[in-house]
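These are my notebook entries from a first look through a structure that I had not opened before. I wrote down what I looked up, in the order in which I looked.

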Amino acid sequence: MSLLVKETQAALRKELIKALDAAVKNGELPKAEIPDFIIEKPANSANGDFSANIAMAGARAYKTAPRTIANAIKNNIDLSGTLFDRVEIAGPGFLNFYLSQRYYTEILKDIASKGSDYGKSDFGKGKKVIVEFVSANPTGPMHIGNARGGAIGDCLASVLEYAGYSVSREFYVNDAGNQIEKFATSLEVRYLQIYKDGVEMPEDAYHGADITEHAKNFAAEYGDKFVDANSAERRKALVDYALPKNIAGLENDLLRYRIKYDRWFKESSLHNDGSVAAVIEKLKSLGVTYEQDGAVWFKASQFGNDKDIVLVRSNGLPTYIVPDIAYHYNKLVTRGFDKAVNVLGADHHGYVPRMKAALSALGIDASRLDCVIMQMVNLVRDGETIKLSKRSGKAITLTTLLEEIPIDAARFFFNLREPNSHFDFDLDLAVKETSQNPVYYVQYAHARICSILKKAQSEGIEPREVSDGELDLLCEKEEKELISHLAALTDEIISSASEYNPANITRYVIELATLFHKFYNAHRVICKDESLTQARLRLCIAARDTIKNVLTMLKINAPDSM
């Protein structure tokens, strides 16, 4: 809700408490402690703009029927200094409050005064949040799951910024471990196949065309120099050649997708600076490890995980979880972020309790780590799911997706559903220029408003300063519905930030477009009454600016014409 909505709600709470005190003083109610109660917006607008359950909540304390308490409050409440003009009693004792016209006028003035900052708040109090997302293995191009994770993570980071947090976007580069060994094997085989017969690619290696391309380019530059070299030297040369190119490719692809990270953090740095070894020693010193069969185990079951986990294998090599523990220690302790938010794939459900157990063992509040688990996405064309294999090298990548689908559509569509829900991405719908396409529908609403303003100017009507009395003319049902929805933006952003769910914002702006179209279809903006025309132009500008603010937050274009 906007600051004005919060102030209105706070003022109503204050008047309700004063009314109870007055009812006690004049003997209508017995003396008792004022109960906790809720003020909320009713689902049905016919039940008022705000509803309070104070009468039901106080029945036990006052030992009085809720309707009697409600009547006492109604008899003693003074709404003259608020933005409400009446109160009604409903059902067992709900108090339903109806806003005055001045409220809607103040909302429009608030939007106009804040401009491009409308929707922002200080809810997060500047707390430092690091959002890690995508973090695709740099062994190949990004697949469709990474495309969804990128849109969700980047939009979530923007939502957190608008909600008043200090946000840092980070990509964790897995440039060490098993996947790099597999990458080296794949490159080595493809390189040797250029010069030798009978060299077979292992089944579990990377079979993508990008591996073959790297090997060919490497051979073009170095020839057969590494054919007779020892395997370790050859593998290192191939990885040192191909990996930086892959990382640069990931960065370029994500920039095209409008994602710019504050930092690309390499896993290898944690090995090189001793952080991995240090976190193992720290866990040992805390007495939360033990040795068994030559391996070092972490007593994760003592910290909420379903079983203990291996930290160091019997061959002396740490497991994949150790650098991840060191990485989160780096985020929350070394760099001092208040909160770490990770956007993870559906296969990471077990990862979260393991990581939280490790943080707890290290004396770090595990609630400082929040993980958004993202479900799979299916690509649909002509009503059929496209089934493509990553291993065969035929997967649709982020690059190929963006060659077919506008970036605006990709970012918007991937945020249409909650991250933890499965999502069918309709490729045909994403390119349609019809009201069925949600991003086109929203962008068209913005363009339509721009067209209305241009038409007014062509007729010699320039938007001017509008008086409160003129704004009070916006009393039609469709006008009030639209203004009420405009007022909800800040609250929707805070809700999205609190729930880590940018889909709240796409839903909000779709509904905003719907309410604007509804208003426009019901009422002429440019009419015979000059004051009403100016008031409606002001409403149009408020709707236009709010749509643009939302689309800007989502890094989606707000076109002036379509």
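**Strand β11 and its neighbours**

I began with the pairing of strand β5 (residues 128-132) and β11, which run parallel and are joined by 4 bridges. I noted that the model is a predicted one. Looking for a residue pair between these strands, I found that Glu 132 has Asn 342 in β11 as its bridge partner.

I then asked which strand is joined to β11 by 6 bridges. That is strand β12 (residues 369-374), and the two run parallel. Two residue pairs went into my notes here: Val 341 has Asp 370 in β12 as its bridge partner, and Gly 345 stands opposite Met 374 in β12. Following the chain through this part, I recorded that β11, helix α13 (residues 351-361) and β12 make a right-handed β-α-β unit. I also checked how far β11 (residues 339-345) is covered, and 6 of its 7 residues are buried.

**The open sheet**

Next I turned to an open sheet of 4 strands, in which the order is β1-β2-β4-β3 and the pairing is antiparallel. I wanted to know which strands stand at the edges. They are β1 (39-40) and β3 (84-90), and because each has a single partner strand, one side of each is left without a neighbour in the sheet.

For β3, I looked up its pairing with strand β4 (residues 94-99): 6 bridges join the two, which run antiparallel. Within this pairing, Ile 89 stands opposite Leu 95 in β4. I also found helix α4 (residues 66-76) lying across β3 and β4, and its direction makes an angle of about 165° with β3.

**Pro 406**

I looked up Pro 406 as a single residue and placed it in the loop between α14 (398-404) and α15 (407-413). Is it buried or exposed? The relative accessibility of Pro 406 is 42%, and as buried means under 20% and exposed over 50%, Pro 406 counts as partly exposed.

For its surroundings, I left aside the neighbours within four places in sequence, and found Pro 406 in contact with Ala 430 and Val 431. I also noted Lys 432, which is 26 residues from Pro 406 in sequence, while their C-alpha atoms are 10 Å apart in space.

**Helix α22**

My next entry concerns helix α22 (residues 530-553), whose length I checked against expectation. At 1.5 Å a residue, its 24 residues should span 34 Å, and the end C-alpha atoms are 35 Å apart, which agrees. At the start of α22, I found a side-chain oxygen of Asp 529 within 3.0 Å of the backbone nitrogen of Ser 531. After the helix comes Lys 555, and I noted that its phi is positive, near 60°.

I then asked how many of the residues of α22 are buried. The count is 17 of the 24, so α22 is largely enclosed by the rest of the structure.

**The whole protein**

I closed with the overall values. The secondary structure comes to 22 helices and 15 strands, and the C-alpha trace spans about 95 × 65 × 40 Å along its principal axes. Of the 562 residues, 51% count as buried. Finally, I looked at contacts between residues at least 6 apart in sequence, and among these 71% join residues at least 24 apart.

Note on methods:
Residues numbered from 1 in each chain as written. Predicted model: local features only at pLDDT ≥ 70, side-chain atom pairs only at ≥ 80, totals over all residues. Heavy atoms only, no water. Expected span 1.5 Å × (residues − 1). Buried < 20%, exposed > 50% of the residue type's maximum accessible area, 1.4 Å probe, protein only. Polar contact = N/O pair within 3.5 Å; in protein donor to acceptor, adjacent residues only side chain to side chain. Pairing = 2+ DSSP bridges. Right-handed = clockwise from strand over helix to strand, strands pointing away. Contact = heavy atoms within 4.5 Å. Axes fitted to C-alpha atoms, helices over the stretch in contact; angles between N-to-C directions.
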